[in-house]
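User: I should like to learn how the packing of two helices is read from a model. Please take one case and work through it.

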Amino acid sequence: MCGNGAAAKRTRAGQDLRAANFPCDNLRPDLHAKSRGGDGHGLLGAVLRHRCAGGVSAVARPTGGSMQNGKTVTTGLVLRVTETKEADKILTVLTPDMGKIPLIARGARRKNSRIAAASQLLAYSELTLYKRGNWHMLDEASTLELFDGVRQDIVLLSLASYFAEAAEAVCAEETTSPEILSLLLNALYALCYLHKEPRLVKAAFQFRLMALAGFEPLASGCAVCGREEPEAPMLDVVHGVVHCGGCKRLGGLSMPLTAAGLAALRHVLYCDSRRLYGFTLEPEALRELDHAGEAFIAGQLERSFRTLDYYKSLLI
């Protein structure tokens, strides 16, 4: 559980940023982001003051970040940390307006560094940046959310690290991905504050992430015979289609789904993002949906994830 001090800090942050807009997974992902100072509706709606609905704030800035004396101010979530030199870090950060960017945090490993907290994996912060050559340099940072309830649990932390690695894999550098940032923030929120079943969050996150990245599977019916409710449904994770268990396809790799699992998959792909985690499944059906999601990501991206391997090793 996150402590009272962290809760108080989030409350102060909400008061300080009351006039800002925040992307969140509670709002429709097809709506365009609004610039700072807007009315707070759409994808970049003000959610920090509506935490009871489930959501995490992500401060929206005009495209490219707001400029202050030649510096750029934005917000970002740290996806990966690489230590370099004696005291520096190279961060991979996902922002709502600049996309995924590499960022050098000089002196972040020094004792009492003012940017140390914001330079941690999964830290979500307001960042002040400047350019030096081809690199973004971190000048100042103020943490908005550290997801303490996740980072204090090794199993949840390893799962969240997998989410971050998967998001990094599908996001191109400096290509805006506010919906993916929103999805990732709210997956962490669901684990940290809503205490959702980790396997349910994982299954939903995997398929929704791939859909947002342009790899949405065709799940409206059997891709072979056209039956709307496939018999003994299976997901072909290579071709990205659902088909009946008895309908043979050449090539591919098919993972079994239950009828309830197929309904859950359709929910994840097509529902309003405010209801993304609003479904339940029997343990076996959830396990099959989760395994299908893992295989679908691996098949579509043609890669494995070391963080996923580590997470699964903890469950043995």
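Analyst: The discussion below turns from the chain as a whole to one helix and its partner. This is a predicted model, in which local features need pLDDT of at least 70 and side-chain atom pairs count only at pLDDT 80 or more, while totals for chains, interfaces and linings use all residues. Residues are numbered from 1 along each chain as its sequence is written, and side-chain values use heavy atoms, with hydrogens and water left out.

User: How many helices and strands are in the chain?

Analyst: The chain has 8 helices and 9 strands, taken as DSSP runs (helices H or I, at least four residues; strands E, at least two) numbered from the N terminus.

User: Why is H3 described as largely enclosed?

Analyst: Of the 17 residues of H3, 13 are buried, so the rest of the structure largely encloses this helix; buried means under 20% relative accessible area with a 1.4 Å probe, protein chains only. In the chain, 53% of the 316 residues are buried.

User: How is the packing of two helices described?

Analyst: Two packed helices are described by the angle between their axes and the distance between the axes. For H3 (residues 154-170) and H8 (residues 306-314), the axes come within 8 Å and cross at roughly 160 degrees. Axes are lines fitted to C-alpha atoms over the stretch in contact, with angles from 0 to 180 degrees between N-to-C directions. H3 and H8 are therefore roughly antiparallel, the term for angles over 145 degrees.

User: Which residues meet there?

Analyst: Among them, Ile154, Ser158 and Tyr162 in H3 and Leu308, Tyr311 and Leu314 in H8 take part in the meeting of the two helices.

Note on methods. Expected span 1.5 Å × (residues − 1). Buried < 20%, exposed > 50% of the residue type's maximum accessible area, 1.4 Å probe, protein only. Parallel < 35°, antiparallel > 145°, perpendicular 65-115°, else oblique. Contact = heavy atoms within 4.5 Å.
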